[in-house]
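Thanks, everyone; I would like to take a few minutes to walk through one model with you. Please have a look at the sequence and the structure before I go on.

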Amino acid sequence: LQVNDPGAGRQEHVRVAPTALDGFAVTWTSSVLDGSGSGVAVRRYDNTNTAVTGQVTVNSTTTDDQLSSAIGAAADGRLVIAWAHNSGSNYEIFGQRYENAGAASGSEIAVEGATDTNTAPLIAVADNGQFVVIWQATDAAGAGVMARVFDALGAAQGASFAVNTTT
């Protein structure tokens, strides 16, 4: 089963999440996807391993590289995808929500700005659509773990916070 559209460039950082009715969604980084460095893609499949969407570009920000995507799904099939954006000297974390039918829901979410080097996001999505994004960030010891909670509509429920207590 080839997930990405055939073409040039590297396809890497693949992640998968189960979706409603025994389907699944796959996200990955493509080095030639968005016209300005690497971009993040997603494709959904049903329970017969048949693609129900084409290859969709997730990121609307296309400057520099978008990479290291993560994916989470609610029980009803809604998805949240997060990734690291190389903003030049640091990395930011962005996200995008998707409805269970596959359409983007709302605009790109700025999870965490480029005040530090923020990489390697992970996502957990509750059945009601609330989600938490967790990532690695630079702290006093060099690498810490940060998180930020969002409601089902993608609104932040407070500021990001440190998960690790030892720095």
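Read along the sequence, what we have is β-β-β-β-β-β-β-β-β-β-β-β, that is, 12 strands and 0 helices, and I should say at once that this is a predicted model.

Let me turn to one sheet. In this open sheet, 4 strands come in the order E1-E2-E3-E4, with antiparallel pairing, and its edges are strand E1, residues 11–18, and strand E4, residues 56–57, each of which pairs on one side only. As a reminder, strands of a sheet pair through backbone hydrogen bonds, and they may do so in a parallel or an antiparallel way. Strand E3, which covers residues 39–45, is joined to E4 in the antiparallel sense over 2 bridges, and Ala-41 has Thr-57 in E4 as its bridge partner.

Now to the overall dimensions. The protein has a radius of gyration of 15 Å, and because a compact globule of 167 residues would be expected to come out near 15 Å, the value agrees with that expectation. Along the principal axes, the C-alpha atoms fill a box of roughly 50 × 35 × 25 Å.

As for packing and surface, 43% of the 167 residues count as buried, and among contacts between residues at least 6 apart in sequence, 38% join residues that are at least 24 apart. The accessible surface comes to about 7,800 Å², with 52% of that belonging to carbon and sulfur atoms.

Finally, the charges: there are 7 positive and 16 negative ones, and their mean positions lie 4 Å apart.

Methods
Residues numbered from 1 in each chain as written. Predicted model: local features only at pLDDT ≥ 70, side-chain atom pairs only at ≥ 80, totals over all residues. Heavy atoms only, no water. Rg over C-alpha atoms; globule rule 2.2 N^0.38 Å. Buried < 20%, exposed > 50% of the residue type's maximum accessible area, 1.4 Å probe, protein only. Contact = heavy atoms within 4.5 Å. Areas by Shrake-Rupley, 256 points an atom, 1.4 Å probe, with all protein chains shown as cover. Lys, Arg positive; Asp, Glu negative; His and termini not counted. Charge placed at Lys NZ, Arg CZ, Asp CG, Glu CD. Pairing = 2+ DSSP bridges.
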